[in-house]
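Take a look at the chain shown here. This report walks through it piece by piece.

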Amino acid sequence: MKLIFAIVQDQDSNRLSDALTDANFRATKLASTGGFLKAGNTTFIIGVEDEQVETALEIIKNNCKAREQIMSPAASLGVTVDTYVPYPIEVQVGGATVFVMPVDQFQQF
């Protein structure tokens, strides 16, 4: 048995949740926040049998697409306002960060 942690952008959360449900996967959703963009994420926790891992990963891959987003960098505290001009930069967001871990024991009460 494996435990999958999938961290996805909020934009992809509902689509992924629906796709997992349609494929009979049970998942727990947790609200989370990314460290770089400070944007909302959703973390899915999914318990699967070993032979279901590839199917679950394919569903995640098909429903969580990377995209480009324009953001303005925050002003650094060490820079004066006169010398700091915040130019928007393009960053890649979305997609999924996935961890697959072995489960030693599973019990349901």
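Not counting residues up to four places away in sequence, Asn-63 is in contact with Asp-12, Arg-15, Leu-16 and Ala-19. Asn-63 itself belongs to helix H2, which covers residues 53-63. The model is a predicted one. In it, Asn-63 counts as buried because its relative accessibility is 12%, and buried means under 20%. The side chain of Asn-63 also has a partner among its neighbours in sequence. One of its polar atoms lies 2.8 Å from the backbone oxygen of Ile-59.

## The overall layout

How many helices and strands are there in the chain? There are two helices and six strands. Read along the sequence, they follow the pattern β-α-β-β-α-β-β-β. The chain has 109 residues, and buried residues make up 26% of them. Now take the contacts between residues at least 6 apart in sequence. Of these, 70% join residues at least 24 apart.

## How the strands pair

Strand E1 spans residues 2-9 and strand E3 spans residues 40-48. These two run antiparallel, and eight bridges join them. E1 also pairs with strand E6, residues 96-102. That pairing is antiparallel too, over seven bridges. E3 has a further partner in strand E2, residues 27-33. E2 and E3 run antiparallel and are joined by seven bridges.

The table gives some residues that stand opposite each other in these pairings.

| Residue | Partner | Strand of the partner |
|---|---|---|
| Ala-6 | Phe-44 | E3 |
| Ile-7 | Thr-43 | E3 |
| Ser-32 | Asn-41 | E3 |
| Ile-4 | Val-100 | E6 |

## Ala-6 in strand E1

Ala-6 sits in strand E1. Is Ala-6 buried or exposed? Its relative accessible area is 0%, so Ala-6 is buried. Leaving aside neighbours within four places in sequence, Ala-6 is in contact with Thr-42, Thr-43, Phe-44, Ile-60, Thr-97 and Val-98. Phe-44 is also the bridge partner of Ala-6 in E3. Val-98 is 92 residues away from Ala-6 in sequence. In space, the C-alpha atoms of Ala-6 and Val-98 are 4.4 Å apart.

## The nonpolar core

In soluble globular proteins, nonpolar side chains tend to be buried together. Here, the largest nonpolar core has 15 residues. Those with the most contacts inside it are Leu-16, Leu-20, Phe-25, Phe-44, Ile-46, Val-48 and Ile-60. Which elements give two or more residues to this core? They are E1, helix H1 (10-22), E3 and H2. H2 gives the largest share, four residues.

Ile-60 shows how this core reaches across the chain. Leaving aside neighbours within four places in sequence, Ile-60 is in contact with Ile-4, Ala-6, Leu-16, Ile-46, Ala-96 and Val-98. Two of those contacts, Leu-16 and Ile-46, are also named among the core residues with the most contacts. Leu-16 has appeared before, as a contact of Asn-63.

## The largest pocket

The largest pocket has a volume of about 360 Å³. It is lined by 17 residues. The closest to its centre are Met-1, Arg-26, Gly-47, Val-48 and Phe-106. E1, E2 and E3 each supply at least two residues of the lining. Which strand gives the largest share? E3 does, with four residues. Val-48 links two parts of this report. Val-48 is one of the core residues with the most contacts, and it is among the residues closest to the centre of the pocket.

## Asp-50 in a loop

Where is Asp-50 found? Asp-50 is in the loop between E3 and H2. Asp-50 is partly exposed, because its relative accessible area is 43%. Not counting residues up to four places away in sequence, Asp-50 touches Met-1 and Lys-2. The side chain of Asp-50 reaches the backbone nitrogen of Met-1 at 3.0 Å. Lys-2 is 48 residues from Asp-50 in sequence, yet their C-alpha atoms are 6.0 Å apart in space. Met-1 came up earlier, among the residues closest to the centre of the largest pocket.

Terms used. Residues numbered from 1 in each chain as written. Predicted model: local features only at pLDDT ≥ 70, side-chain atom pairs only at ≥ 80, totals over all residues. Heavy atoms only, no water. Buried < 20%, exposed > 50% of the residue type's maximum accessible area, 1.4 Å probe, protein only. Polar contact = N/O pair within 3.5 Å; in protein donor to acceptor, adjacent residues only side chain to side chain. Contact = heavy atoms within 4.5 Å. Pairing = 2+ DSSP bridges. Core = buried A, V, L, I, M, F, W, Y, C linked by side-chain atoms within 4.5 Å. 1 Å grid on protein atoms, 1.4 Å probe; cavity = no way out; pocket = protein on both sides within 12 Å on 5 of 7 lines; lining within 4 Å. Points joined across faces, edges and corners; volume = space filled by probe spheres on them.
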